[in-house]
Amino acid sequence: MTLTELRVPEQTTARKLVGQPLDRVDGGVKTTGRARYSAEYPFAELAHAAVVYSTIARGRITAIDTRSAEALPGVIAVITHLNAPKLRHTGAWNTRNPLGSSDGIGVDFLNTDRIHWNGQPLALVVGDTLDIARDAADRIRVNYTEEPAVVDFLAEQLHAVEQPNALLFEPGANKGHADSALASAAVQVDNIFTTAPQTHNAMELHATTAVWDGDRLTVYEGTQWIDGVQGMLARKFNISARNVRIVSKFVGGGFGSRFLVWPGTMLAVLAARVVQRPVRLMLTREGVFRTVGGRTPTIQRLALGATPDGRLSSLIHTSVTELGHLGGHPEQVTWISQHLYPTPNLQAQQSQVRLDWLPNSTMRAPGEAVGSFALESSIDELAERLGIDPIDLRMRNEPDRDPVSGKRFSHRRLRETYALGAKVFGWSDRVAAPRSMRRGTMLVGYGVATAYHPAMTLLANVTVKLDADGHALVRCGFHEMGMGGATAYAQIVADQLSLPFDAITVEYGDSELPTAPLAGGSVQSASMSASLIAVCADLRRQRQRHPHQPQYEARVGSDTGLGRAANIAKFIASAIPDQRRWTKAAAGAQFCEVHVDADTGEMRVARWVGVFDIGTVLNAKTAASQLRGGIVMGIGLALTEETQVDPRSGRIVNANLAEYHVPTHADVPSIEIHCLDDPDPTMPLGVLGTGEVGIVGVAAAIANAVYHATGVRVRQLPITLDTVLPSYHALPV
Ligand code: MOS
């Protein structure tokens, strides 16, 4: 590939601030408690809501006894399907119309007696205080007629059906004859992997404060998609989107949990309309488990065939994931297997089952995080069979072009990430045979795996005003969930306009501002970069032509209905040829050291080195933090997190942080992050996206290290003591 074939990124100005490890502009207000989250907006006459959840998975409500709740002093209203106002139906979000409904679940809450999952909101209490509302909610008794429910994921896999085709969500790929090539391969591995469902546990509980003023609605809500919440509420309550304002200044963790709209949001708005007062609904932690979609469980088959010198001849990756009956979407579990290794024969196929469950939703690197566990564990196993170092095996199978599509990579620096990682980590100290490294009573294991995540951009409408005194105001309703966007975008604008960092003010998190794309799929920063470059170029031209104006203003995008439609059409027209031409992805190499107690099986991640190719680094500090965060979530995926569902009732039995274990400080080692900081030639400013790549490969790196330490291959997540102990005690020490 020659450079002339590439579109050179618009790096039009000197890079002074971009890349610098500046502190977050919102750091001070957050660490001093002055940042106001959605449940912290004060209002006179503020009322509080609490939710009553179904305790069966499927059936009908036959009676609701609300008398004792209504009799409680301080209760303002008890709202059920018997007295709630009728709302418009909005179907759930689906991949065939990704800019359509942003509703996570297509149930007509409080407008129906039908129950679709164990945990569905059935009633709402509004009270003068939170305690009164929750006390009253506990007093409500619901009678049901129960119907048979399908809730056992493992049993249902026999009824899995192939995913429908959808934009960006192909059900799979086929090349050559994977089955026969596997059967005739000199070396084979062929295994089943399972991963547990997981629940989002952002630090900030999902919370909504809703305020009606006649037909105008203001909603304070931490979200990853302001535009989506606004559109959904407008449809549901049958008002114009112009009359709905979403304020989302601070978001206490997104990770995919605040991409779609979950029932609590709509219920808060409904309650405020009924009681004619501002209403706050902050879910309990249990409420988040019951009503916010999380990671699907998976069952995967991963088979590899190879020649004796370690060339892949066949790759088969199939997956089964979960959907709810009224919500949920495909998962790209096999996506990673279509992009990492060249093979003449490949079969990738994704299927899904519908359960009477809370639907699956986006959870950090949905698909790739769990798919890479199967693929990268299998590569490790194949390397051992072949007697080849696992990094060497990967380098022997590093493709020149995207293996299935034949497209060119816009950027592919996996070799460099592995080379640097191996050096920094000290990979050469690894004794290849499993169970051969020790420290005291600890078995020591080293593991590696590849991280890979697609990169793309969406439309971001942005306005920038530049004053003669050299201050710039950036206005865009983007989402700051702690990633550091507000800081990084100020760095970009400062460089583009040759201004100091302090001269830039960034306004975000409000539907009154120009519309941003959703903050998901790791697209926000690249999308923002594209618009910021264009706006700043316009401002520079204006300044040149008319040097003595008091103020300059430039914008990209339009927020009128027609203007938006035209922009989307134009964007798609340019994006499609670009997508056809290039495979774009962020990538990395994950290295870890795991200690396993030889007597108890206790597993500790002792050390981590991650080397990433995220294209241009916008801010070295916030990028490293984001990648670290991904690795921490990967440690949870690998070792601790599991939403346990009773296969008889479909009820989550560990809906709390005492029994659902997220990694804590004591579970997380020092994590060393390196980024190549090499701009991608096809992406705006060279930015590839940092949000999700950090979690990909983590579970496999840990599983590979556990194997190296103990000699036990664990092919289920989370890896717990019991999965390691019985078998490895049977091995000779
Ligand atoms: Mo993410 S799971 O795209 O917030």
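Select strand 19 (residues 442–454) and strand 25 (residues 585–597) in this predicted model. The two strands run antiparallel and are joined by 13 bridges. To check the register, pick V444, whose bridge partner in strand 25 is H595. Now show the surroundings of strand 19: 12 of its 13 residues are buried, so the strand is largely enclosed by the rest of the structure.

Step back along the chain to strand 18 (residues 438–439), which is joined to strand 19 by two bridges and runs antiparallel to it. R438 has L443 as its bridge partner in strand 19. Two residues separate the strands of this hairpin, and G440 takes a positive phi near 60° there.

**Strands 20, 21 and 23**

Next, select strand 20 (residues 462–467) together with strand 23 (residues 551–556). They pair in the antiparallel sense over six bridges, and T463 has R555 as its bridge partner in strand 23. Then add strand 21 (residues 472–475), which is antiparallel to strand 20 and joined to it by four bridges. V464 is the residue to centre on here, as it stands opposite V474 in strand 21. Strand 20 and strand 21 form a hairpin with four residues between the strands, where G470 has a positive phi near 85°.

**V693**

Move to V693, in the loop between strand 27 and helix 16. Is V693 buried or exposed? Its relative accessibility is 1%, below the 20% cut-off, so V693 counts as buried. Display the residues in contact with V693, leaving aside its neighbours within four places in sequence: they are A451, Y452, H453, A586, A587, Q590, F612, I614 and L627. For a distance label, use the C-alpha atoms of V693 and A365, which are 7.1 Å apart in space and 328 residues apart in sequence.

**The seven-stranded sheet**

Now select the open sheet of seven strands, which has the order 3-5-1-13-10-11-12 and mixed pairing. At its edges are strand 3 (75–79) and strand 12 (244–247), each pairing on one side only. From one strand to the next, the twist averages 20°. Within this sheet, strand 10 (residues 207–213) and strand 13 (residues 279–282) run antiparallel and are joined by four bridges. A207 is a convenient residue to pick, standing opposite M282 in strand 13.

Two helices can be added to the view. Helix 7 (residues 263–275) packs on the sheet. The strands that helix 7 touches are strand 1 (47–53), strand 3, strand 5 (121–127), strand 10, strand 11 and strand 13, and its direction makes about 35° with that of strand 10. Helix 6 (residues 226–236) lies across strand 11 (216–221) and strand 12, running at about 145° to strand 12.

Stay on helix 7. How many of its 13 residues are buried? The count is 11, so helix 7 is largely enclosed by the rest of the structure. Those buried residues are P263, G264, T265, M266, L267, A268, V269, L270, A271, A272 and V275. Its length can also be checked: at 1.5 Å a residue the helix should span 18 Å, and its end C-alpha atoms are 18 Å apart, which agrees. Just after helix 7, Q276 takes a positive phi of about 55°.

**Backbone exceptions**

Most residues other than glycine have a negative phi, and most peptide bonds are trans. The next stops depart from that pattern.

- Select S498, in the loop between helix 12 (485–497) and strand 22 (504–507). S498 is not a glycine, yet its phi is positive at about 55°. With 59% relative accessibility, S498 counts as exposed.
- Select D677, in the loop between strand 27 (671–675) and helix 16 (698–710). D677 has a positive phi of about 55° and is not a glycine either. Its relative accessible area is 31%, and D677 is partly exposed.
- Select L717 and P718: the peptide bond from L717 to P718 is cis, with omega near -5°. P718 lies in the loop between strand 28 (716–717) and helix 17 (721–729).

**Cavities**

Finish with the enclosed spaces. There are six cavities of 30 Å³ or more. The largest cavity has a volume of about 180 Å³. To find it, select P197, W357, L358, T643 and I652, which lie nearest its centre among the 19 residues that line the largest cavity.

How values were computed. Residues numbered from 1 in each chain as written. Predicted model: local features only at pLDDT ≥ 70, side-chain atom pairs only at ≥ 80, totals over all residues. Heavy atoms only, no water. Pairing = 2+ DSSP bridges. Axes fitted to C-alpha atoms, helices over the stretch in contact; angles between N-to-C directions. Contact = heavy atoms within 4.5 Å. Buried < 20%, exposed > 50% of the residue type's maximum accessible area, 1.4 Å probe, protein only. Expected span 1.5 Å × (residues − 1). 1 Å grid on protein atoms, 1.4 Å probe; cavity = no way out; pocket = protein on both sides within 12 Å on 5 of 7 lines; lining within 4 Å. Points joined across faces, edges and corners; volume = space filled by probe spheres on them.
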